[in-house]
Amino acid sequence: MEDGTDLPKLSVVTVTFSAALCLEESLRSKLLQGYPNLEIIIVDGSSTDRTVDFIRKYESWITYWVREQDRGQSHAINKGWAR
């Protein structure tokens, strides 16, 4: 289909903790590739910097995001994939 919905869904899980300095660049990198059937999932471990500001800035392109404590990077990745 012209809108790309016939392409496989590409799910990308991004885990973050106080990574505001690189999160926007990471999100822009994914979005600017222009893949039409992209699912972006962000799991934030309760960042204390401006991470949530950047998540909200790109929220309309993010499929799902959560901000909550986790037990580390592996746990956060598994939570994202479970979603």
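This report describes the sheet, the helices and several individual residues of a predicted model.

## The sheet and its strands

The model contains an open sheet of three strands in the order 1-2-3, with parallel pairing. Strand 1 (10–16) and strand 3 are the edge strands, since each pairs on one side only. Averaged over the sheet and with direction ignored, neighbouring strands are turned by 10 degrees against each other. In general terms, the strands of a sheet pair through backbone hydrogen bonds, in either a parallel or an antiparallel manner.

Seven bridges link strand 1 and strand 2, which pair in the parallel sense. One position that illustrates this pairing is valine 12, which stands opposite isoleucine 40 in strand 2. On the other side, strand 2 (residues 38–44) is joined to strand 3 (residues 64–67) by four bridges, and these two strands also run parallel. Here isoleucine 41 has tyrosine 64 in strand 3 as its bridge partner, while aspartate 44 stands opposite arginine 67 in strand 3.

## Helices and connections

How is strand 1 connected to strand 2? Strand 1, helix 1 and strand 2 make a right-handed β-α-β unit. A right-handed β-α-β unit is also made by strand 2, helix 2 (residues 51–57) and strand 3.

Helix 1 (residues 20–31) lies across strand 1 and strand 2, and runs at about 165 degrees to strand 2. Helix 3 (residues 73–82) packs on the sheet as well, where it touches strand 1 and strand 2; the direction of helix 3 makes about 150 degrees with that of strand 1.

## Selected residues and their accessibility

The table lists the location and relative accessible area of several residues that are discussed below.

| Residue | Location | Relative accessible area | Class |
|---|---|---|---|
| Threonine 14 | strand 1 | 11% | buried |
| Serine 18 | loop between strand 1 and helix 1 | 30% | partly exposed |
| Aspartate 44 | strand 2 | 0% | buried |
| Serine 46 | loop between strand 2 and helix 2 | 16% | buried |
| Valine 52 | helix 2 | 11% | buried |

Why does aspartate 44 count as buried? Its relative accessible area is 0%, and a residue is called buried when this value is under 20%. Beyond its neighbours within four places in sequence, aspartate 44 is in contact with Thr16, Phe17, Ser18, Thr51, Val52, Ile55, Val66, Arg67 and Glu68. The side chain of aspartate 44 also makes a polar contact of 2.4 Å with the side chain of serine 47.

Valine 52, in helix 2, touches Asp44, Trp65 and Arg67 when residues up to four places away in sequence are not counted. Valine 52 and tyrosine 64 are 12 residues apart in sequence, and their C-alpha atoms are 13 Å apart in space.

Threonine 14 has its place in strand 1. Leaving aside neighbours within four places in sequence, threonine 14 is in contact with Leu23, Ser26, Lys30, Ile41, Ile42 and Val43. Threonine 14 and isoleucine 40 are 26 residues apart in sequence, yet the distance between them in space is 7.6 Å, C-alpha to C-alpha.

## Backbone angles in two loops

Two serines deserve a remark on their backbone angles. Serine 18, although not a glycine, has a positive phi of about 50 degrees. Serine 18 belongs to the loop between strand 1 and helix 1 and is partly exposed. Serine 46 also has a positive phi, near 65 degrees, in a residue other than glycine. Serine 46 lies in the loop between strand 2 and helix 2 and is buried, because its relative accessible area is 16%.

## An aromatic pair

How many aromatic pairs does a search of the whole structure find? The search finds one. The pair is formed by tyrosine 58 and tryptophan 61, with 6.1 Å from centre to centre and 50 degrees between the planes, and it is classed as tilted. Two quantities serve to describe a pair of aromatic rings: the distance of the centres and the angle of the planes. Tyrosine 58 is itself buried, with a relative accessible area of 7%.

How values were computed. Residues are numbered from 1 along each chain as its sequence is written. This is a predicted model: local features need pLDDT of at least 70, side-chain atom pairs count only at pLDDT 80 or more; totals for chains, interfaces and linings use all residues. Side-chain values use heavy atoms; hydrogens and water are left out. Two strands pair if DSSP finds at least two bridges between them. A crossover is right-handed if, with the strands pointing away from the viewer, the path from the first strand over the helix to the second runs clockwise. Axes are lines fitted to C-alpha atoms, for helices over the stretch in contact, and angles run from 0 to 180 degrees between N-to-C directions. Contact means heavy atoms within 4.5 Å. Buried means under 20% relative accessible area, exposed over 50%, partly exposed in between (1.4 Å probe, protein chains only). A polar contact is a pair of N or O atoms within 3.5 Å; within protein, one must be able to donate a hydrogen and the other to accept it, and residues adjacent in sequence count only if both atoms are side-chain atoms. Rings of Phe, Tyr and Trp (its six-membered ring) pair if their centres lie within 6.5 Å; planes under 30 degrees apart count as stacked, over 60 as edge-to-face and the rest as tilted.
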